[in-house]
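Here's a walk through this model, one packing site at a time. Keep the structure open and rotate along as you read.

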Amino acid sequence: MENCRLTSWADAYDTKTSTQQAIIEENIVFSKHSSSRDIHDLVAQAAGCSKYCALTMKDTNGAHVSMSPTMPCNTPSTPYKVHITQPTSNQGDSEVLTQLMSHVADQFSKAFKVEEMRSEISTRLSALERKLEIEGLKAVEIEKCKKDISEIKDQIWTAQKKFVDFNRMSSLSDERKICLKRDIPAYPKYTLSDETIDYLKQPTFDIWHWEPNEMLSLLEHMYHELDLVKEFNMNPITLKRWLLCVQENYRNNPFHNFRHCFCVTQMMYGMVHLCKLWEYMTSEEIGILLTASVCHDLDHPGYNNTYQINARTELAIRYNDISPLENHHCAVAFQILSNPETNIFSNVDKDTFKRVRAGITQLILATDMARHSEIIDSFKSKLAGKFDFKNKEQLDTLKMVLIKCCDISNEVRPMEVSEPWVDCLLEEYFNQSDREKMEGLPVAPFMDRDKVTKPTAQIGFIKFVLIPMFETVSKLFPKIDATMVEPLRTARDRYEGMKEQTAAPPPQPKTENTKKDGE
Ligand SMILES: [Zn+2]
């Protein structure tokens, strides 16, 4: 590097200067790369004054020479004269001081700014840290919730395996369920008063008034009273055992329980009497109607077909998503009848049993509300001409409509009897929708506890399903209008009043598409 500088100095110019006061001659050497300020300072140094003095330089002719690397070369005979015009030494100091002060101020200001920025950054950083901490906690909580849910699911699954939950497993392999847990001696005999016997034929019958054993006695009475025991040559003890076994195979659901079975059968019994059905059909057919009513919801798990299908339960898989519940109720019914001890049809000939089996199966399968329109439309088309009770197909359609009417007939009953059923149904619906939410399955609005109310649940169903269906049947049996359709109109008006009072949200009409299973 030294060599380079020397080379560089070789290109330097010699300049002779002189000061005004001393007229001393000095040689200065500068590089052509020097700045004008460097040359100025060098001249000041040669002149023996402060570099802050104002210097002017003139040639021998008195012309001003600019102090710059490109100033012309001179010779010992033509020296430049340097004039120190303002030799005030303080000025340089104050300039230095000013510069220093300004520099210090500048540094202070920068320091303050840096401090300000540092505090702002630190505030933002700690806010970010807090946010990160909260988000982190949230993430931890979410993870914990997910883990809890998965554990609960596992527990439910294990419990289901232990206690045979038929939402997952079918009962057909579980023979224990079909066997009687108690025998006839545990089933006391009740003597029914004449008043009760008459009352039992009315749709106004208070179905809440009776204990399970009393309901068994009332059902038993219906079979005797309609002469079905004689018609099918039933052993009266077998009838008792069969009823007991049926009762044991209804679950304690809020809605689809043994009392619902009793309700539907009692309404069927009432309709047999109201419409004097024995004038239009055989005892065998009345026996099919009554027995299908008794068995129509056997072993109902409390979750409808939509759930079965969406959750891909054992039942849905077994029945290929086609009316899984109704197929199951029917299969359990015939499982019970396959045991000679509980087979009320054990004394009938093969052909009769075949007809009875086909008839009961057809009626239980007809209770799937997914088939509502299909069945009602078929019935209406048969009513359009002259209805022929002798025609098997026409009579079968009528029987299907009759069991459908009985299955969803709660609103035909007096308010005190019907209203508690709505709470039971909603409880069962809410159980289902809660489970669907937990399992990430679709939830029907009419089952959602956040969307449905008692009046909204009933108004649409009464207006669009019940009244049209009962009105259609009343064309064949006019007595139905006063006894069954009129109470439905009253119930509709009552719920509409209730809706106005509670200023509930708009009703969710229930159609055959939203109510998949029978009530
Ligand atoms: Zn039902």
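Helices α13 and α14 cross in a right-handed sense. Keep in mind that this is a predicted model, so what follows describes a prediction, with values computed from it. Helix α13 covers residues 324–337 and α14 covers residues 350–365, and the two pack with their axes 9 Å apart at an angle of about 150°. Because angles over 145 degrees count as roughly antiparallel, α13 is roughly antiparallel to α14. On the α13 side, look for Glu326, Asn327, His329, Cys330 and Phe334; facing them from α14 are Phe353, Arg357, Ile360, Thr361, Ile364 and Leu365. By residue type, the contact of α13 with α14 splits into six nonpolar, three polar and two charged.

Now swing over to another helix pair, α6 (residues 212–225) and α8 (residues 236–248). Their axes come within 10 Å and cross at roughly 135°. That angle lies outside the ranges for parallel, perpendicular and antiparallel, so α6 ends up oblique to α8. The crossing of α6 past α8 is right-handed. From α6, the contact uses Pro212, Asn213, Leu216, Leu219, Glu220, Tyr223 and His224, while α8 brings Leu239, Lys240, Trp242, Leu243, Leu244 and Gln247. Sorted by type, the residues where α6 meets α8 are eight nonpolar, three polar and two charged.

Stay around here and find Phe258, which sits in helix α9. Is Phe258 buried or exposed? Its relative accessible area is 7%, and since buried means under 20%, Phe258 is buried. Setting aside neighbours within four places in sequence, Phe258 touches Pro212, Met215, Leu216, Leu219, Gln247, Tyr250 and Arg251. Several of these names should ring a bell: Pro212, Leu216 and Leu219 take part in the α6 side of the contact just described, and Gln247 in the α8 side. In another direction, Phe258 and Asp299 are 41 residues apart in sequence, with their C-alpha atoms 9.6 Å apart in space.

Next, go back along the chain to Thr196, in helix α5 (residues 194–199). Thr196 has 13% relative accessibility, so this residue counts as buried too. Beyond residues up to four places away in sequence, Thr196 is in contact with Phe205, Trp210 and Leu218. The C-alpha atoms of Thr196 and Leu218 are 9.2 Å apart, across a sequence separation of 22 residues.

Time to zoom out to the interior. In soluble globular proteins, nonpolar side chains tend to be buried together. Here the largest nonpolar core has 106 residues, and those with the most contacts inside it are Tyr223, Trp242, Leu398, Phe470 and Ile480. Helix α9, residues 258–274, gives the most to this core, with eleven residues. For a look at one of the well-connected members, pick Leu398: apart from neighbours within four places in sequence, Leu398 contacts Met281, Phe379, Phe387, Phe389, Leu476 and Phe477. There is also a second, separate core of 17 residues, including Cys53, Leu55, Met67 and Ile84.

Finally, the whole chain. The protein has 19 helices and four strands, and 47% of its 519 residues count as buried. Which share of the contacts between residues at least 6 apart in sequence joins residues at least 24 apart? That share is 73%.

How values were computed
Residues are numbered from 1 along each chain as its sequence is written. This is a predicted model: local features need pLDDT of at least 70, side-chain atom pairs count only at pLDDT 80 or more; totals for chains, interfaces and linings use all residues. Side-chain values use heavy atoms; hydrogens and water are left out. A nonpolar core is a set of buried Ala, Val, Leu, Ile, Met, Phe, Trp, Tyr and Cys residues joined through side-chain atoms within 4.5 Å. Buried means under 20% relative accessible area, exposed over 50%, partly exposed in between (1.4 Å probe, protein chains only). Contact means heavy atoms within 4.5 Å. Axes are lines fitted to C-alpha atoms, for helices over the stretch in contact, and angles run from 0 to 180 degrees between N-to-C directions. Angles under 35 degrees count as roughly parallel, over 145 as roughly antiparallel, 65 to 115 as roughly perpendicular and the rest as oblique. A crossing is left-handed if the near helix is turned anticlockwise from the far one by less than a right angle, and right-handed if clockwise. Ala, Val, Leu, Ile, Met, Phe, Trp, Tyr, Cys and Pro count as nonpolar, Asp, Glu, Lys and Arg as charged, and the others, Gly among them, as polar.
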